[in-house]
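Thanks for coming. I have one model to show today, and I will keep to two topics, a cavity and a helix.

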Amino acid sequence: MSRAPRLHPDGITRCPWPGEDPLYVAYHDTEWGVPEYDDRALYEKLILDGFQAGLSWITILRKRDNFRKAFDDFQPEKIARYNEKKVHALMNDAGIVRNKAKIDGAIASAKSYLDIMEKGPGFSKLLWDFMDGSPKVNHFKTTASVPASTPLSMQISKELSSRGFKFVGPTIVYAFMEATGLVNDHLVDCHCHASCGKTQRKPRLKSK
C-alpha cells in the first residue's frame, strides 16, 4: 500500500512507518538514515537486521537493549567465541528472538567481521566503498516507490555472503543500508530528508 508522509501532532512531517509509537518516532528522527561509519555499530545493526527477518523492526527495536546485554554489547571478539553452552543460554533468554539459526548466524558473522578487520579492508570501508564513501540520496514521494532491494544491495549481499556472513540476503541488506544511511530513503517531504546526509551518528555509549 502506498503511503505518503504524515503530519504529526507536534507539527512535524515524517515518513509514515513509525506511526505514533514514541520509540519508533525517536528512532526515525535520530537514527534511521543517519550515515554510520563506525565498524562495530555497523556490525551490530547488520546482526539485528538478520534477527528481524520475518518480523517487524519495531519488535527488534523494543528488544534491542536486551539483545545488547545478551550478546555482550555486540563485541564481535566475544561473540566469535560463543560455545554451545552460551547458545543454549541465549535460546532460553525470553528477552531476545530465540532462533538458533539466527544465533549461529551472528556467531559466524562475528568471525567474518574479525577477519575483515584483521586482514582488511575493515568493515566500514568495505561497505562505504560500494557507495564511493557518500550516501545515495533518493527522492521518493511515497512508500510505494521505495524498493525492497536494489542491484547494489544484491552486490553487497553477494560480497558479504562470500565472506561468510549469514542472514545477509538482498532485502535484509537494503533495509540495513537504509537504516545506516548508506542510502537516504526518507521521503522527500519528511523533515529528515534534507538533514540526514549532513549529520553523523554519535557514538553509542556502552551498556553497563
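Helix 2 and helix 6 (100–119) each supply at least two residues of the lining of the largest cavity. Helices here are DSSP runs of H or I, at least four residues, numbered from the N terminus. This is a predicted model, where local features need pLDDT of at least 70, side-chain atom pairs count only at pLDDT 80 or more, and totals for chains, interfaces and linings use all residues. Residues are numbered from 1 along each chain as its sequence is written, and side-chain values use heavy atoms, with hydrogens and water left out.

A cavity is a set of points on a 1 Å grid over the protein atoms alone where a 1.4 Å probe fits but cannot get out, and lining residues have an atom within 4 Å of a point. The largest cavity has a volume of about 50 Å³, the volume being the space filled by probe spheres set on the points. Helix 2 gives the most to its lining, four residues. Among the lining residues are L46, F51, K102 and F167.

Now helix 3. Does its length fit its residue count, and what would we expect? At 1.5 Å a residue, the 14 residues of helix 3 (residues 57–70) should span 20 Å, and its end C-alpha atoms are 18 Å apart, which agrees. The expected span is 1.5 Å times one less than the number of residues.Helix 3 has a kink of about 55 degrees, centred on R64; the bend is the angle between axes fitted to the seven residues ending at a residue and the seven starting there. R64 is also one of the buried residues of helix 3, along with others including W57 and F67. Buried means under 20% relative accessible area, with a 1.4 Å probe and protein chains only.

Notes:
Buried means under 20% relative accessible area, exposed over 50%, partly exposed in between (1.4 Å probe, protein chains only). On a 1 Å grid over the protein atoms alone, a cavity is a set of points where a 1.4 Å probe fits but cannot get out, and a pocket is an open set with protein on both sides within 12 Å along at least five of seven lines; lining residues have an atom within 4 Å of a point.
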